[in-house]
Amino acid sequence: MSSQYITSEDHLPADTSGEVTIQVTNQETKEIFQTRARLSQDRGELDEPIPLTVLRGPHENTEEQWYIEVIEADIDVTPIDDQILDRCIEESRTKSDVVTVRSEDVRALVTYLVETGEYDSVSEAVRTFVRQHLAETRPELLERYVERRTTLEQEDLSRQLIGGDGK
């Protein structure tokens, strides 16, 4: 274990309460890795706090002192394949947005939540569950999706404005 970790504010999850997955750098070895951890700005809220420097600002030249309690280091995070992600984004633009679960159990449980007024529709409930699950288990995929989607939209707009391929 390091006696000090560093991360960028870009790697901080929106909700830092409870367990989170975060990318950190070991200040001593400069090793970058993903870890499951608890974070706090108050050292007293963690059982085994280790200093965590959060770099903020456009040039990451502002430091903020946080604390991290590592639960599991070097968690297995599947690398994100940008080509596959780009293809999936393109297909989602042109194909049906209906996602089929094909599970009587899931359909019955989600329908129950709609019937009892917790959600307005089955699709709203499913979108909520998927987003929450991805935010908790694959935050790096969500971040990369936003980056790739933004890049693709900028490229499309640029082609349209300069008279590219006429899309």
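This is a short walk through a predicted model, from its barrel to its pockets.

Start with the strands. Five of them, 5 strands in all, close into a barrel. The order around the barrel is β1-β2-β3-β5-β4, and the pairing is mixed. On average, neighbouring strands of this sheet are turned by 55° against each other, with direction ignored.

Now take strand β2, which covers residues 19–26. In the barrel order, β2 stands between β1 and β3. Strand β1 spans residues 5–8 and runs antiparallel to β2. The two are joined by 2 bridges. One pair to look for is I6, which stands opposite T25 in β2.

On the other side is strand β3, residues 32–40. β2 and β3 are antiparallel as well, and their pairing extends over 7 bridges. Three residues of β2 help to trace this pairing. I22 stands opposite T35. Q23 has Q34 as its bridge partner. V24 is matched with F33. The two strands form a hairpin, with 5 residues between them. K30 sits in the turn and has a positive phi of about 65°.

From β3 the path leads on to strand β5, residues 62–73. This pairing is antiparallel too, over 6 bridges. Here R36 of β3 has E72 in β5 as its bridge partner.

How enclosed is β2? Of its 8 residues, 6 are buried, so β2 is largely enclosed by the rest of the structure. V24 is a good residue to look at in detail. Its relative accessible area is 1%, so V24 counts as buried, the cut-off being under 20%. Which residues does V24 touch, beyond its neighbours within four places in sequence? The contacts are Y5, I6, T7, E31, I32, F33, T35, L52 and I68. Among these, F33 is also the bridge partner of V24 in β3. I68 belongs to β5, given the range 62–73 of that strand. E45 makes a contrast in position: it lies 21 residues from V24 along the chain, and the C-alpha atoms of the two are separated by 20 Å.

Next come the pockets. The largest pocket holds about 1200 Å³ of space. Its lining is made of 32 residues. Those closest to its centre are D97, V99, V126, R127 and V130. Four helices each give two or more residues to this lining: α1 (82–94), α2 (104–115), α3 (122–137) and α4 (139–162). Of these, α3 gives the most, with 8 residues. By class, the lining divides into 18 nonpolar, 5 polar and 9 charged residues.

The second largest pocket holds about 590 Å³ of space. It is lined by 25 residues, and T21, A135, P139, E140 and E143 are the closest to its centre. Which elements give two or more residues to this lining? They are β2, α3 and α4. The most comes from α4, with 7 residues. The lining has 12 nonpolar, 6 polar and 7 charged residues.

The second largest pocket thus brings the walk back to the barrel. Its lining includes residues from β2, a strand of the barrel. Helices α3 and α4 also contribute to this lining, and both give residues to the lining of the largest pocket.

Methods
Residues are numbered from 1 along each chain as its sequence is written. This is a predicted model: local features need pLDDT of at least 70, side-chain atom pairs count only at pLDDT 80 or more; totals for chains, interfaces and linings use all residues. Side-chain values use heavy atoms; hydrogens and water are left out. Buried means under 20% relative accessible area, exposed over 50%, partly exposed in between (1.4 Å probe, protein chains only). Contact means heavy atoms within 4.5 Å. Two strands pair if DSSP finds at least two bridges between them. Axes are lines fitted to C-alpha atoms, for helices over the stretch in contact, and angles run from 0 to 180 degrees between N-to-C directions. On a 1 Å grid over the protein atoms alone, a cavity is a set of points where a 1.4 Å probe fits but cannot get out, and a pocket is an open set with protein on both sides within 12 Å along at least five of seven lines; lining residues have an atom within 4 Å of a point. Grid points are joined across faces, edges and corners, and a volume is the space filled by probe spheres set on the points. Ala, Val, Leu, Ile, Met, Phe, Trp, Tyr, Cys and Pro count as nonpolar, Asp, Glu, Lys and Arg as charged, and the others, Gly among them, as polar.
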